[in-house]
Amino acid sequence: MEHTIRITACKTEYAVNPVGIDSLRPRLFWRLESDERGVRQTAYQVVVASSREKLDRGDADMWDSGKTVSGESIQIVYAGSALRSEGEYFWKVRVWDSRDEVSPWSETAYWTMGILSRGEWQAKWIGRRPNPGLAMQPSPYMRKSFAVKPNVRRAVVYATALGLFKLRVNGSAVGHLFAPGWTDYDKRVQVHAYDVTDQIKQGENAIAVILGDGWYAGTVGFLGKRVYGERPFFLMQASIEYEDGSRELVVSDGSWRAAEGPIRYSDMIEGETYDARLELTGWDQPGYDDSGWESPDVRSGYNGLLVAAAEPPIRITETVKPVAVRKTEAGTYIFDMGQNMVGWTEVTVRGEAGTRITLSHAEMLNPDGSLYLDNLRAAVQQDHYVLKGGGEERYEPHFTFHGFRYVELIGYPGEADLTTIAGKVIHSDTPAAGRLETNDPMVNQLYSNIVWGQRGNFLSVPTDCPQRDERLGWTGDAQIFARTASYNRDVSRFFTKYMRDIADAQQPSGAFTDVAPDAGWIRHKMWNTRLNWFAPDNAGWGDAGVIIPWTLYLMYGDKRILEEHYDAMSRWVDYLKDNGSDLIRPDYANYGDWLSIGADTPNEVLATAYFAYSTKLLAAIAGVLGKTEDHSRYAALFGQIAEAFRREFVSGDGFVRGDTQTVYVLALQFGLLTEELKPKATRRLTENIRARGNRLSTGFLGVGYLLPALTDSGEQDIAYELLTQEAFPSWMYSIKHGATTIWERWDGWTEENGFQTPSMNSFNHYSLGSVGEWMFRYMAGIEADPAEPGFRHAIIRPRPGGRLNRVKAGYESLYGTISVEWSLEAGSRLTLEVEVPANAGATVHVPGANVEPDGEDAGLSAAGCTLLTQEKQASVYRIGSGKYRFTSSLAYMKKEAEVQQ
Ligand code: RAM
């Protein structure tokens, strides 16, 4: 029989064949593919077995769901027998379609469990006593030789560190960068599991590790060093299973050997020094003589949780070659990477032993062509390498990273050229999900800047910036950018992990904090003393604790994140309620609409608007979770807050206190105005924009809602004008002046004043890039439907406008690719092509008159498409999966717009 449906992309907990997870009811995902249109799953059968052989011979000893009537192909919760520590589970799935025809089985997928209980850990935390003679401590090198018998079936390493670790097994690198990632180490640390079956051999083997200070013991932002602990420690347990069922453990303990080596220090904020003359050749191989090494320092008493790493691995994802190099008068070289990027540079060099070279990194150049270093504050983005001599040497640093476009190479022996260095781009490797392209090169550059900002700043946690001594997980920045981020890349695991950081930092009062993971000032209540402007409940920052889970629900249909954090979210809203007066939320700390430009939004207006929004989302979340009483209670509360907002801040003529763009935008987007007030507030908003010469004034909190509010209020033309505005302040102003990432401030650099104050002037801050959300949801028109989240039902509603005549966008949803392409010919004939993946559907709003689904083109015919409504300005169709094309005329819409003016 010819099957029309294939099953692909089987995932467990959002990952392909994850190793060492700790969810006891993991969720399974698959995709349907078919050449047919309108394909729907009507039932599935999942089978899970405790070995591949069992699964192959049809013995589903863990779970056989049987034929389960359901259209769901994502977020299927495992419901079989109890999973055991270090267990391996193999699964496959088949589905039935609407004709009740069954598909072939999928390929076999698997997951393995980590070490599930504390009692099973036999490993000890090991580190190295500090070298008393040194201010900056060298990175510890530690190793262990062990014997392995023949016939290994499986070998898995479970490893973590208080600090950072780089693991090597028999001379080859295992794992990823900056493991185990950043958490509040007092509360939890992530364990990474690696299958090393292929690296292990019979006879003598060596496991070796280098430790870095990382966030644990190194510099964290501007909070100084040793925020969590004095020096790094490592914990590792390797399970070696033999064919005969026996098992051996290799664990970190006092029998390891420790030494210092070539890494003289390596600090995230202060760079690295590496003396290649001190290399320990062969230290990571079996047979190495470590008799001169010391015993490690064994520590006990770690009381935090050991949890399976939920975050995606941090990797080098791209190598960038410099585009230009110039020799300075001083004999140094300044390279231009052509892109503001995050990571480090690798250098190739030949020279005499003892020669010291330095790589210095900066985002911008001073007018005289030298590196602009002032905005780094206390950060030292320099790596030093001391040559061992005798041939070609290559160096890249280990436990540090930099934000830069320019690199100065100092002390280089010989002549450097464009091949001397290469930029390594590093970040949490969230899979790419979105693509977006238009006919306008500046809009494309803006989108590129947004994506580079995300890549550079998503490093274990969403950081604000990658260059100065800050790099913290600011919750406000994260929430305002979360939706954009999730269009750009698959951030399901990244934000799942970050939400735990936010929950860990939540205060006993219920307040969500400004930063997560907690980096010290929360615990030490530093907002009351030294840094008295930090607060645990800043409006638009703390609200991340509700907005991020809701975003994951919309984008991935993830109910579990809502369940996991429901209590925390309701404690937050209750806290706001209890601490307000008559539902007006005071805002003690003064971030306000951070970095707005010439428009101060009153704190209480902003804070009350966000209080209402958190409450509204919580009501929706309670509804999703079937908590009907809570749903009604919070929905009613939202109504009361909105009323209080209007009573306190809004006049009958639509004026909102503060009269900034942001107050109108938030009032409109958060649903705080009556039908009668909406057009009035919209008029004030547009007048405000016009009065500024079609320019924006919004800061972090207003900017993401600005173009959506305008578009939803029928002011799409103004939205496009703001998007493509080139005069200051605007997105395009920075692009006209060479920006390749989003700047922290609209006025980071201006023609009149040059650089803004170096005390806070990052050129790679993603927050103002939250316009990316509008580009996908409105410009391209790929919108999620909360009623059928995760893009099971998409709302496709493109908004042709502005100076654009072509937009092409795609998004990899959990169901598969959704794509939208629209183009305008001769200014009025619109062609719209839409693709929806199998087992999903969409409602398509085709703008314009005389809409026709195009039946002529092969593969793009109209079948599977039902007209729902046809109105003057748009026709609405319901489509199933497949590709569709529509044409229409925008001519009369244009005319109407002209008449109105
Ligand atoms: C700055 C950070 C961040 C912002 C806070 C309020 O220091 O860069 O972006 O959230 O302040």
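How much of the chain over residues 151–318 is helix, and how much is strand? Select that stretch in this predicted model. Helix makes up 2% and strand 47%. The C-alpha atoms at its two ends are 38 Å apart. An unreviewed UniProt entry places the feature "domain: Bacterial alpha-L-rhamnosidase N-terminal" here, at residues 151–318.

Next, go to the ligand. Show the residues around it: D464, R468, E470, W474, D477, W541, Y591, W594, F700, E744 and H765. Now look at three side chains in turn. Start with D477: one of its side-chain N or O atoms is 2.5 Å from a ligand oxygen. For E470, the corresponding distance is 2.7 Å. At W541, a polar side-chain atom lies 3.0 Å from an oxygen atom of the ligand. The ligand taken alone exposes 290 Å², and the protein buries 98% of that.

From the ligand, follow F700, one of the residues around it, into helix α12. Select residues 700–712. The helix bends by about 40° at L706. A proline, P708, follows within four residues. Is α12 mostly covered or mostly open? Mostly covered: 12 of its 13 residues are buried. Among them are F700, L706 and P708. Step just past the helix to G714, which takes a positive phi of about 85°.

Last stop: the cysteines. Select C465, which counts as buried because its relative accessibility is 0%. Then try C865. Why does C865 count as buried? Its relative accessibility is 19%, and the cut-off for buried is under 20%. How many disulfides does a search of the whole structure find? Zero.

Definitions and conventions:
Residues numbered from 1 in each chain as written. Predicted model: local features only at pLDDT ≥ 70, side-chain atom pairs only at ≥ 80, totals over all residues. Heavy atoms only, no water. UniProt positions renumbered as here; feature names shortened; annotations may be inferred. Disulfide = S-S within 2.5 Å. Buried < 20%, exposed > 50% of the residue type's maximum accessible area, 1.4 Å probe, protein only. Bend = angle between axes of the 7 residues up to and from the residue. Near = heavy atom within 4 Å. Polar contact = N/O pair within 3.5 Å; in protein donor to acceptor, adjacent residues only side chain to side chain. Areas by Shrake-Rupley, 256 points an atom, 1.4 Å probe, with all protein chains shown as cover.
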